[in-house]
Amino acid sequence: MPASGDDEITNLVADIVTEKPQSSRNPLANTHLPASKLAPKARATLIKPAVTSLASLAYERGLLPAALDELLTLVTTPSLLDQASLGVLLRGLYPVTRVSGASALRVVGALGHGRLKPSMAIQALLLRWLTMVYHVLEAPGVLSQAYPVLFNLLDTAAIRPQLTHLLALITRRKHVPDGTGGGLETDDKNRLNLSRQTGNDPTLVGLLRVYKDYYPEIIVGEAHPDPAWRERLDELQEAHLQQTQERIARPRDAFRVHKTVGRGQRNKALPSVHTTHATEDSVTLEEIENVQSFVEKIDKLELPNQLVAVLADPLLQKLLLLRPSAESFLRVANWLTSALQDVRDGDADEATLWEIMEVVRDFVVQTKALPSTIINFFASFFQIWSGSGNKTCIFQILAYTPLYDFQAAVADNQSATQLGLLNMYTNLIHHWASVLRSSKTIPAHASRTITNMVQHAGTLALTLLQTSPTLSSESAILTFYEQNLALLTDDTLKNYICIELPPSVLIYLLVFSQSLATVARLCHIMASYKKGFETAMKVRGRTDTATIDASSYTHTDVNRYNGNLLDIVNLHWRMHAFGVDKEVEQGCLLPRAAAARLERYVTSSVDRGFSLAAMLSLSYSPLFCLQSIETLRVLEDRQIAVDAAIETRHAGPVSQESLRKLGTSGGIRIGFNGYRASVLETLRAKGMPGVEELLKVSMPSVAKAIESWAAREA
């Protein structure tokens, strides 16, 4: 259903277009006549307040197709509305959807001289409107079909500025009077003499600039549209897409150059696509209208004057991707270097530099590639960059760095920067995974490069947990390692990429997180590493040095991983927290003196029946205790439903001894392993299977207990 604002617009349009006149003795008084066809004295209400309100609402919300068509019909046909009201309505024609070809032709049909035509002032506004909505026309080619009609109106001085703007947008080679039989007729060509007759009319000079793209002998100037109206139109169209819950915004037309006379506020530092010195056998990008035209003429396409326009134009991007050349990218590099030098020399401000960076970012994200041209540019940029400004933009660009060995540092000690850098590494790993999956051969340096980066990210993660020990930081760290895990579990890539463990300190900091989700995600990562190590250990004596086998990991690597794994098992299952009895156990790196003091505190100040070794298990841990007791309650309720003889509920927390006593005092009868297996099942059902996964791959007895419990429940 339409929003209330749209209903109000509909009502106001009805007030203006279909108002009912006051009763009179006239037998036609009760018929519905458009108010715009009635003299002011014959109207029931004043029109100007309604016009003002409608214009205001149209600016705020935009117009749906029905309201737009009604108002276009009103302003393009004779009416008794005053010129001021018509002008207000025209300035408020903000469509929120694509403009149909019929609407565009309705405007063209209203142009020219004649008793039934709108005034020249209104025609000028109509042309201005067509110019500003050109990029949202359903079929821009419809105006190309009307080119002779529009061109023949150039001698009408009152609408010439607006007309030349529109012609500049729709002009293509076939419209240019070059004497080859493909353009306008000879008598139409003579109208170009208007530029001489009218002096140096800037509007005609602007149009001739477009003609020069196809006919280089014409000397050109510049003209400018109104960027503010266009900007508001784009805002309304984007808002309409969001309000109608369209998940994908209107796609950019990647097979047509949107020619503009002048530049808008955005990307003003970059040149637009202009092609001069075109030959009879070549085709310019400006002539391409659709994908079929692009495919048919790709071999004849002439490169534009300024190739740096590739950074902002999707059609030029496709051309250079399909027809790459070192010379072309060198031209782009030279322009970027020159722009950077302008900033160094003080000839351009920092805002211009960041505008260029944002365009580079859009190009890189769109093409999902970072050419060596731009990498070389960054080598110079980083020499003058202070680290301030839009760091997010830089990180988004660098996330598409090729699979190179590199070092990165942004030393401002701000947690936001560290988090942004870590997110950049996450996106970079994702990009590298995509590149490697699509490669026919895996580079020999792939494993080394990725390992070095993961090591660096691990150090960064430790720093981040010190500067910002929050759940969002933990989540970002785990997201990085989960993305790296995608490489290590890929059927092909796992044979070429080594496992690089997180630092032990980082593992233990996350194990003792206040978030159950954090612990579960970490356990999933550690469990997945177990499978990778086991696969590598089964392979020995490979002659291919690029593949992963038992020799890829040192004895120290394997022992450290086993120690990390056993420490987590000791915490959650074996009720042996911080144990160091076995050679590989690290006791979560807790110093022995600190462990002894904690043990004394537990037995003296908490409860003599408790022990430090058991306080972080599934039953006692602050993370798991709620899930554990709720699981037991569910088991009790289920048993009560079938056996009303249960007289006693467990008070909690659960231990092996408490369950034994419960079974002999009229409570539920369940083994300690069965109870713990049920807790793990509860966690899995709530989307946190990681703890169960880690325990199963670490201890065959846990896997057996879980399988036994599952069989019993079935």
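Which residues form a nonpolar patch on the surface, and how much accessible area do they have together?

**View 1. A nonpolar patch on the surface of the predicted model.** The patch is formed by V505, L509 and L589, which together have about 250 Å² of accessible area. One of these residues, L509, has its place in helix α23, which covers residues 504-511. L509 counts as partly exposed because its relative accessibility is 41%, and partly exposed is the class between under 20%, which is buried, and over 50%, which is exposed.

**View 2. The whole protein chain, as a setting for the close-ups.** The chain holds 31 helices and 2 strands, and of its 714 residues 47% count as buried. The protein chain exposes about 35000 Å², of which carbon and sulfur atoms supply 53%. When contacts with a separation of 6 or more are considered, residues 24 or more positions apart account for 67% of them.

**View 3. The largest nonpolar core, with M357 and Y529.** In soluble globular proteins, nonpolar side chains tend to be buried together. In this model the largest nonpolar core has 115 residues, and those with the most contacts inside it are M357 and Y529. Helix α24, which runs over residues 516-537, gives the largest share of this core, namely 11 residues. Leaving aside residues up to four places away in sequence, M357 touches F377, F378 and F381, and it also touches C393, I394 and I397. A second core, separate from this one, has 60 residues, and V51, V96, V99 and L126 are among them.

**View 4. Helix α15 and the elements that cover it.** Helix α15 spans residues 314-322, and its buried residues are P314, L315, L316, Q317, L319 and L320. The cover over the buried residues of α15 includes three helices, α14 (291-297), α16 (326-345) and α17 (350-367), together with the strand β2 (301-302).

**View 5. Two cysteines, C523 and C625, in their surroundings.** Are these two residues buried or partly exposed? C523 is buried, because its relative accessible area is 1%, whereas C625 counts as partly exposed, because its relative accessibility is 31%. A disulfide is a covalent bond between the sulfur atoms of two cysteines. Under the rule that a pair of cysteine sulfur atoms must lie within 2.5 Å, the count of disulfides in this model comes to 0.

Conventions
Residues are numbered from 1 along each chain as its sequence is written. This is a predicted model: local features need pLDDT of at least 70, side-chain atom pairs count only at pLDDT 80 or more; totals for chains, interfaces and linings use all residues. Side-chain values use heavy atoms; hydrogens and water are left out. A nonpolar core is a set of buried Ala, Val, Leu, Ile, Met, Phe, Trp, Tyr and Cys residues joined through side-chain atoms within 4.5 Å. Buried means under 20% relative accessible area, exposed over 50%, partly exposed in between (1.4 Å probe, protein chains only). Helices (H or I, at least four residues) and strands (E, at least two) are DSSP runs, numbered from the N terminus. Contact means heavy atoms within 4.5 Å. Accessible areas come from the Shrake-Rupley method with a 1.4 Å probe; for residues, only the protein chains shown count as cover. Patches are made of residues with over 30% relative accessible area and no salt bridge: like charges are joined within 9 Å, nonpolar side chains (Val, Leu, Ile, Met, Phe, Trp, Tyr) within 5 Å. A salt bridge is a side-chain nitrogen of Lys or Arg within 4 Å of a carboxyl oxygen of Asp or Glu.
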